[in-house]
Amino acid sequence: MEAFINSPLFPQKYHINNQNRKISISVKAQLQTPQPYINSKRIKEVREKYRVHEKDTGSPEYQIAALTVRIEYMTVHVKKNPKDYASTRGLIAMVSARKKLLSYLRAQNKDRFLKLCVNLKIRIQKSQL
C-alpha cells in the first residue's frame with residue numbers, strides 16, 4: 001500500500017493517517033469547484049449578455065459567444081492533454097463552426113460583427129475589416 005501511495009500515479013492531494021490506515025482527501029481538494037461547472041456558469045453568463053431578445057437561442061451573437069467560451073476552455077484542456085485527440089478534434093470543429101458563424105455575421109451586418117469581435121477579443125484579419 002505504501003509503495004502505491006508514494007508512486008507518481010497517486011495524486012498528492014490525498015493524505016494517509018498511518019495510525020488508522022485511512023486515506024482522506026484534503027480540505028482544499030474538497031472545496032475546489034470543478035472546472036466544468038465553472039465553464040458552464042461562464043457560458044450561461046455570456047449567453048445572457050449577448051442575447052438579442054428574451055427567447056433568443058439562435059442569433060449569431062448568442063452562438064458565437066457561447067462557442068468562444070467553450071473554445072477557451074477546450075484550448076486549455078488540449079494544452080494540458082496533448083494526446084487527447086478526440087478533444088482536439090472537437091476543438092477544431094468548434095473553431096470551424098464559429099468561423100462560419102462569424103463569416104455569416106460579417107456578411108449580414110459588419111457593425112455587429114466588429115462589435116462582437118472587439119467584445120469577445122476575437123482576432124480578425126485585416127481583410128475582414
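Read from the N terminus onward, the protein chain follows the pattern α-β-β-α-α-α-α-α. The structure described here is a predicted model. In total, the protein chain holds 6 helices and 2 strands. Of its 129 residues, 26% count as buried. Among the contacts in the protein chain with a separation of 6 or more, 38% are accounted for by residues 24 or more positions apart.

Helix α4 covers residues 60-80. The end C-alpha atoms of α4 lie 30 Å apart, which agrees with the 30 Å that its 21 residues should span at 1.5 Å a residue. The buried residues of α4 are P60, E61, Y62, I64, A65, A66, L67, T68, V69, I71, M74 and V78. The cover over these buried residues includes α3 (35-50), α5 and α6.

The packing of α4 was examined against two of these helices. Two packed helices are described by the angle between their axes and the distance between the axes. For α3 and α4, the angle is about 155° and the axes are 9 Å apart. An angle over 145 degrees counts as roughly antiparallel, and α3 and α4 are therefore roughly antiparallel to each other. Their crossing is right-handed. On the α3 side, the residues that meet α4 are Q35, P36, N39, R42, I43, V46, R47 and Y50. Their counterparts in α4 are E61, Y62, A65, A66, V69, R70, E72 and Y73.

Within α3, S40 was considered individually. With a relative accessibility of 32%, S40 counts as partly exposed. The side chain of S40 reaches the backbone oxygen of Y37 at 2.8 Å. S40 and R70 are 30 residues apart along the chain, and their C-alpha atoms are separated by 8.7 Å. R70 is one of the α4 residues that meet α3.

Helix α5 comprises residues 85-108, 24 residues in total. From its first C-alpha to its last, α5 reaches 35 Å, close to the 34 Å expected at 1.5 Å a residue. The buried residues of α5 are S87, L91, M94, R98, L101, L102 and L105. An α-helix has 3.6 residues a turn, so residues three or four places apart point the same way. What covers the buried residues of α5 includes α4 and α6 (110-120).

The packing of α4 with α5 has an angle of about 150°, and the axes are 9 Å apart. That angle makes α4 roughly antiparallel to α5. The crossing of α4 and α5 is left-handed. From α4, the contact is made by P60, E61, Q63, I64, L67, T68, R70, I71, M74, T75, H77 and V78. From α5, S87, T88, L91, M94, V95, A97, R98, L101, L102, Y104 and L105 take part. R70 thus appears in the contact of α4 with α5 and also in that of α4 with α3.

One residue of the contact between α4 and α5 is T68, which is placed in helix α4. T68 counts as buried because its relative accessibility is 4%, and buried means under 20%. The side chain of T68 makes a polar contact with the side chain of R98, at 3.3 Å. R98 is itself among the buried residues of α5. Not counting residues up to four places away in sequence, T68 touches R98, L120 and I122.

In helix α6, L116 was considered in turn. L116 is buried, with a relative accessible area of 2%. Leaving aside neighbours within four places in sequence, L116 is in contact with Y50, E61, I64 and L105. Of these partners, E61 and I64 are among the buried residues of α4, and L105 is among those of α5. Y50 is one of the α3 residues that meet α4. L116 and P60 are 56 residues apart in sequence, with a C-alpha to C-alpha distance of 9.8 Å.

The segment after α6 contains K121. K121 has a positive phi of about 60°, although it is not a glycine. With a relative accessible area of 73%, K121 is exposed.

Notes:
Residues are numbered from 1 along each chain as its sequence is written. This is a predicted model: local features need pLDDT of at least 70, side-chain atom pairs count only at pLDDT 80 or more; totals for chains, interfaces and linings use all residues. Side-chain values use heavy atoms; hydrogens and water are left out. Helices (H or I, at least four residues) and strands (E, at least two) are DSSP runs, numbered from the N terminus. The expected span of a helix is 1.5 Å times one less than its number of residues. Buried means under 20% relative accessible area, exposed over 50%, partly exposed in between (1.4 Å probe, protein chains only). Contact means heavy atoms within 4.5 Å. A polar contact is a pair of N or O atoms within 3.5 Å; within protein, one must be able to donate a hydrogen and the other to accept it, and residues adjacent in sequence count only if both atoms are side-chain atoms. Axes are lines fitted to C-alpha atoms, for helices over the stretch in contact, and angles run from 0 to 180 degrees between N-to-C directions. Angles under 35 degrees count as roughly parallel, over 145 as roughly antiparallel, 65 to 115 as roughly perpendicular and the rest as oblique. A crossing is left-handed if the near helix is turned anticlockwise from the far one by less than a right angle, and right-handed if clockwise.
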